[in-house]
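The exercises below are meant to be worked with the sequence and the coordinates open side by side. Each task is followed by a solution that proceeds step by step.

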Amino acid sequence: MLFRKEYEKNVKFTFRGGTHLNEHKDTAGLATVRLPEPKTVSIPLSQPIGAHATPVVAVGDRVLVGQVIGVVESGLGCPVHASVSGTVKEIVTKNNAQGVPIRNIVIENDGERTLHESVKAWEKPLEETTPEEIVEIVRQAGISGLGGATFPTYAKLQSAIGKVDTVIINCAECEPYITANHRLLLERSYTVISGLEIVMHALSVNEGIIAVEDNKPDAIALLQKAVEGKPRLRVCVLKTKYPQGDERQIIYAIKRREIPAGKLPADVGCVVINAETSSAICRAFYRGVPLVSRIVTVTGDCIKEPKNVRAPLGASYADLVEFCGGLVKPPKKIVSGGPMMGQAQWDINAPVVKGTSALLFFSEEYDKINTYHSACIHCGNCVAHCPMHLMPNYLTQYAQARQYDEAAKMNVMSCVECGTCTYNCPAGVQIVQYIRVAKGALRMKK
Amino acid sequence: MDQNQNVTVTAPELLTVSPSPHARRHVTTASVMKDVLIALLPATVWGIYLFGIRAAITLLLCVVSSVVFELLTQLVLRRTVTVADCSAAVTGLLLGLNLPPTVPFYVPIVGSAFAIIVVKQLFGGIGKNVMNPALAARVFLMMAWTGQMTVFPAAYDRVGFGVDAVASATPLVALKQGVLPEAGLADLFLGRVGGCIGEVSVLMLLIGGIYLLVRRVIAWHIPVAFLGTVAILTLLFPQGEIPPLTFMLTSLCSGGLVLGAFFMATDYVTSPVTPVGRLIFGVGCGALVVFLRYFSGYNEGVSFAILIMNALVWYLDMCTKPRVFGKKRREKKA
């Protein structure tokens, strides 16, 4: 055991496939700053995954930070909280990034950040708390996976109770530009670690791993010091390679366990939780604060002063841009999340949501390379770099020929749409997009 | 927005909403093709130095006519014009390097037309051709003008215009008869022998090949498997009374083997994409080269070997599919 610990201090965990991207982590040295109180926040009553919430406040009501303003009556989903204190101005229906109409509660901010009375620490110590109680605390705090997929964390924990032996905190942050997790580790690593301990207690697990890519040596040193004297915890250093932060790749890299197609991490005895999610669990447990803010890396070649911003949920992109000194060039593309899997946005007044790990503002010049398209030259780069070991070039050909069944035979449904193939394609073929078309057609058929 | 700055945020309707990923590696088809051209430069320069102005004109004719034919075909067929990606120039240069310097000037032009129009564009353009255009054109020219295509001037015989060169026996002819060629191993390696313009100097070709490997334009699998197979087979089965090791090294350094292994067999379009497929492809090419050199009517077998393996690329890819993450190698049929 001792030998293994020594060995793992030096080894760098990795997986087969993937690619080393141009990192652009220029904001890593910038401390997180709090966004000045925005005039209004617009909180959508749905997050990307889960049922829509029903509002429980009316126009004109006074709300406080942490107060529940929307509840989910049935199905998957967590309550929605007010992220600022103030008055409910209106409840409007707006289209979200995907063009789906969603009800938003607009709160006029009084700037006082008064806490609601429900915000108080859990009354029992961690040792006496039952797993069910922890799951309920996480649900009441409205915590979703903050890595970008925003799967409700309580559901993840609930389904994993009794099935897992390892909890992995995902601090890989393999997408370029984003430094939100890196800053969190440097500034609040204790919250990440105590969040991990809460999850380990809930799942009665004895092995907690904090997995960090080797491009964050300062965070690794800090964490290694922090886990000293905690025999159940250890830090694993991952090789910097995209998509190392994918659950499948991180579990395989560290535990050499492959999640079978169509199964979940819990089926191979692992739970993977994002670093910021872990920090949110800690805050919810020890201070009772629900998830009302998150760190957003605001950068891109159009931003004057890139920053890591702690923004209340519901603040508009425009508020963040203004805080970052405005734009130096007109943006051609606004991406929420990383450049590899993030979504292009169409509205600069859209609100920050739980999945907004970064806001990237790219100029026309930057985006030019994405407009180059020609025919596949069969170079095999996509095959060499696919983390799922697919043959994206042939999947694309089948999708182009609309032979979706043939694509299914070549396991098109296993694609995780990480974008590594398109990134490496010299011909500029929109490989991922063709694969999405094939997957969509196959899903329709079922 | 910030009033102090004279920059405005563009209106939402001007934002591009496209699917992810929003980042790209700055490698394009054109940059890959330019790398191949750079890698062929040493061999080209050596060929011109060895065979004189006539070689330069032959190469120039090949490159220019290939580009022109590509442009014309694409204009006539109303396809997107893609001559800027340099792939036609690469095909032209490779064809030129595979021609003897003494060929009449219509031969490179007809060869380029065959390579670009018939082998490449009629099959659908870049990425769609089944066979390597330069090699297919070379074989076509060999069939059409066997006489002109098999006359090679001696090294440093800088042939002028309209003068018939004095034919010199190539090393492969000697090897086939079971005797060592006149030129020594060092001459073969450095390229002081007669032959096609670009195939003579193993050293210059290796420099280009290593450049491609270092730039990660090509993977090591095909050249290593190709040359390795030829090396093993010639070592095991030497011909005549030649010592095995000498026979092996002479075989490796003669003919278009190195040019074929680094520049022709590794052509993306006509080689497999999986590592295992590439190894099998290379071994197949190597075995066929030795077989053809030993038993066929031709002295040279590289072109035919690669063309035959080109036809098998699809099957090699399908037989060597990597195991998909999270799946068993052989899924039970539902």
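**Exercise 1. In the sheet with the order S3-S5-S6 of chain A, which strands are at the edge?**

Solution. The model is a predicted one. Begin with the sheet itself, which is open, consists of 3 strands in the order S3-S5-S6 of chain A, and has antiparallel pairing. Its edge strands are S3 (54–55) and S6 (80–81) of chain A, each of which pairs on one side only. Next, follow one of the pairings: S3(A) is joined to strand S5 (residues 68–71) of chain A by 2 bridges in the antiparallel sense, and A:Thr54 is found opposite A:Val71 in S5(A).

**Exercise 2. Describe the sheet with the order S11-S10-S9-S12 of chain A, and explain why its edge strands each have a side without a neighbour.**

Solution. First, establish the order: 4 strands of chain A make up an open sheet, S11-S10-S9-S12, and their pairing is parallel. Strands S11 (233–238) and S12 (270–274) of chain A each have a single partner strand, so one side of each has no neighbour in the sheet. From one strand to the next, the twist averages 25°.

Second, examine one pairing within this sheet. Strand S10 (residues 207–213) of chain A runs parallel to S11(A) and is joined to S11(A) by 6 bridges, with A:Gly208 opposite A:Leu233 in S11(A).

Third, consider what lies across the strands. Helix H4 (residues 180–202) of chain A lies across S9 (166–171), S10, S11 and S12 of chain A, and the helix runs at about 165° to S9(A).

**Exercise 3. Is strand S14 of chain A largely enclosed or left open by the rest of the structure?**

Solution. Count the buried residues first, taking a residue as buried if 20 or more other C-beta atoms lie within 10 Å of its own. In strand S14 (residues 307–312) of chain A, 5 of the 6 residues are buried, and the strand is therefore largely enclosed by the rest of the structure. Then list pairings of this strand. With strand S1 (residues 33–34) of chain A, S14(A) pairs in the parallel sense over 2 bridges, and A:Arg34 is opposite A:Arg310 in S14(A). With strand S13 (residues 293–299) of chain A, S14(A) pairs in the antiparallel sense over 6 bridges, and here A:Thr297 is opposite A:Asn308 in S14(A).

**Exercise 4. How many residues does each chain bring to the contact between chain A and chain B?**

Solution. Chain A contributes 59 residues and chain B contributes 39 residues. On the side of chain A that touches chain B, the elements giving two or more residues include helix H8 (317–323), strand S16 (343–345) and helix H14 (431–445) of chain A, while the largest share, 5 residues, comes from S15(A). Sorting that side of chain A by class gives 34 nonpolar, 17 polar and 8 charged residues.

**Exercise 5. At what angle do helices H3 and H4 of chain B pack, and how should their relation be classed?**

Solution. Helix H3 (residues 87–97) and helix H4 (residues 106–120) of chain B pack at about 135°, and their axes are 10 Å apart. Angles over 145 degrees would count as roughly antiparallel; H3(B) and H4(B) are therefore classed as oblique to each other. The crossing of H3(B) past H4(B) is right-handed. Among the residues that meet are B:Gly92 and B:Leu95 in H3(B), and B:Gly111 and B:Ala115 in H4(B). By class, this contact has 5 nonpolar, 5 polar and 1 charged residues.

Conventions
Residues numbered from 1 in each chain as written. Chains lettered and ligands numbered in written order. Predicted model: local features only at pLDDT ≥ 70, side-chain atom pairs only at ≥ 80, totals over all residues. Pairing = 2+ DSSP bridges. Axes fitted to C-alpha atoms, helices over the stretch in contact; angles between N-to-C directions. Contact = placed C-beta atoms within 7 Å. Buried ≥ 20, exposed ≤ 12 C-beta atoms within 10 Å, placed from the backbone. Nonpolar A, V, L, I, M, F, W, Y, C, P; charged D, E, K, R; others polar. Parallel < 35°, antiparallel > 145°, perpendicular 65-115°, else oblique. Left-handed = near helix turned anticlockwise from the far one by under 90°.
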